[in-house]
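Biologist: I should like to request a close look at a single part of this model. Please treat the strands, the helices beside them and the charged side chains in one connected account.

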Amino acid sequence: MEIYNKLFIGGEWVNSSSEKQMDVINPATEEVWAQVPEGNADDVDRAVEAARKAFNGPWKRMSTYERSAILRKMGDLMEENANFLAALETKENGKPLHITTREAKMYNQWWYYYAGITDKIHGETIPFEDHKHIFTIREPIGVVAAIIPWNGPIQLLTWKLTVALATGNTIVVKPAETSPVTALEIAKLSELAGFPPGVINVVTGYGSVVGDRISSHPDIDKIAFTGYGDTARKIMKSAAESSNIKRFSFELGGKSPNIIFPDADLDKALNAAVEHGFAITGQSCALSSRVLVHRDIYDEFIVKFKEKAAQIKVGNPQEQVDIGPHAHKQQLEKTLSYIQIGKEEGAELILGGDRPRHLKKGYYVNPTLFVNVKPSMRIAQEEIFGPVVSVIPFSSEEEAIEIANGVSYGLTAAVWTKDIARGHRMAKALQSGMVWLNTYRYTRWVTPYGGYKSSGVGRENGLESIKDFTQVKTVVVDLEG
Ligand code: NAD
């Protein structure tokens, strides 16, 4: 078993004030494979103090090109350690190793991209009246907290660390309780990269303790959170009790529509619907959990969809499988309960709905396909976060838009058509932070990512994210004397 018994605070590896450890379970084997410190409110307080000291001290004094060099070095280290980090992520959340490895090999690019912008963040001069000189300065916000979910523990931490640090903030990281190990290993790499003490701090522990203290802490200026909407509400409630006013960016859930018109490249659309419906065992906010298919091609499409989805290989994430287990037991139970809800609602179950018999241990569920789903059903409205796809028929562009927009979420959406004008009309009409035309789940360091409606506030990635991690000071100079 891997024992991690220290938190990373102020550039040092220190004991948690709780003196307690918490277990980390491998969802493929259901065995405890690691232990990390069970951090508490005192640990958060120490981490915030260290982050504030670094913010007002060495990190602020450093030139932008020195900061850039450290970020670049961190990118190199992420690349050198990609296989190692990927193997840990697979143990943490059960994502197949070939996928975590492919993803881990890309994270260096986030560091390089944001290393390149440290010296390009600046204000502007506003010409107005001859006797006044008006300009703006774009400054960091201060101490930022990053609260991370378990489905993308490296990815979503990378998205937050890179922009927060490139814009000159310092950070306190709280990884999810089921996937805390990768964050501690990334903290080790940050030491090698040369970040001054206190710029990055990691406190592992429970959301209700560490997360709650972060939310109410009077000296945290911003919370960058990815997770459930209900947790975001708790964070806002707790933050409302603290004496300061915090900024938030929230990356929350999704119920993404994947809309297929008859004139689309149907093979490509089908492949995407299968791959991005069930990938990561359905545990990604951007997956196409609702597939909207035009009635002209509906019958033929669902036959092929079932055929292809039935070929998905479920199994041990260490092997060449398509999907592994759910990341933890509660998520497995949630998926199973939604399958039951779908059946009770009268949706037609044509594939899966059960657990694979050949796997004796692990939180697995077979790819599950419901067809003839009504847009109002709970399985078509609520985020399941499991390998469950609902197929919904539609007859016109207008109807597709109405169904697509008829949920509380608005994170991502996709449209498959060869008609350029229709593609653009749909992109305009969809209430979604990201729209893909004839592709799916393409997100990179340059593509701003975030939600409309209940899917979130703020953007990560791309130049757009800089706005969410900085604040603007306007300076007016009187030139008349
Ligand atoms: P979660 O909300 O349960 O947990 C996320 C984090 O919040 C964890 O670190 C947890 O410990 C912490 N937390 C829990 N209670 C807290 C509290 N009271 N105060 C402060 N922090 C607390 O979410 P999850 O189960 O880890 O992740 C799944 C959700 O994340 C899904 O809704 C998914 O769609 C969403 N998600 C969104 C994006 C995106 O970019 N929009 C990406 C990935 C996941």
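Which strands does helix H12 lie across, and at about what angle does H12 run to S13?

Modeller: The model is predicted. Helix H12, formed by residues 295–309, lies across five named strands: S12 (257–260), S13 (290–294), S14, S15 and S16. Its direction is at about 135° to that of S13.

These strands belong to an open sheet of 7 strands with mixed pairing, in the order S14-S15-S16-S13-S12-S18-S19. Strand S14 (348–351) and strand S19 (434–437) each have a single partner strand and stand at the edges, so one side of each lacks a neighbour in the sheet. From one strand to the next, the twist averages 20°. Within the sheet, S15 (residues 368–371) and S16 (residues 388–394) pair in the parallel sense, over 3 bridges. Thr 368 has Val 388 in S16 as its bridge partner.

Another helix that lies across strands of this sheet is H15, residues 397–405. H15 lies across S12, S13 and S16, and runs at about 150° to S16.

The charged side chains may be considered next. Side chains of opposite charge can pair when their charged atoms come close. Arg 422 forms a salt bridge with Asp 263, with 3.3 Å between the closest N and O atoms. This pair links distant parts of the chain, 159 residues apart: Arg 422 is in helix H16 (residues 420–429), while Asp 263 is in the loop between S12 and helix H11 (266–278). Arg 422 counts as buried because its relative accessibility of 17% is under the 20% limit. Asp 263, by contrast, has a relative accessible area of 27% and is partly exposed. Both residues belong to a network of salt bridges that also links Glu 397 and Arg 425.

A search of the whole structure finds 21 salt bridges, and two further examples may be set beside the pair just described. The side chains of Glu 103 and Lys 95 meet in a salt bridge at 2.9 Å, N to O, and both of these residues are buried. Lys 467 and Glu 464 also meet through their side chains in a salt bridge, at 3.2 Å, N to O. Lys 467 and Glu 464 both lie in helix H17 (residues 464–468), 3 residues apart, which is about one turn of the helix. Glu 464 is partly exposed, its relative accessible area being 35%.

Methods: Residues numbered from 1 in each chain as written. Predicted model: local features only at pLDDT ≥ 70, side-chain atom pairs only at ≥ 80, totals over all residues. Heavy atoms only, no water. Pairing = 2+ DSSP bridges. Helix = DSSP H or I, 4+ residues; strand = E, 2+ residues; numbered from the N terminus. Axes fitted to C-alpha atoms, helices over the stretch in contact; angles between N-to-C directions. Contact = heavy atoms within 4.5 Å. Salt bridge = Lys/Arg side-chain N within 4 Å of Asp/Glu carboxyl O. Buried < 20%, exposed > 50% of the residue type's maximum accessible area, 1.4 Å probe, protein only.
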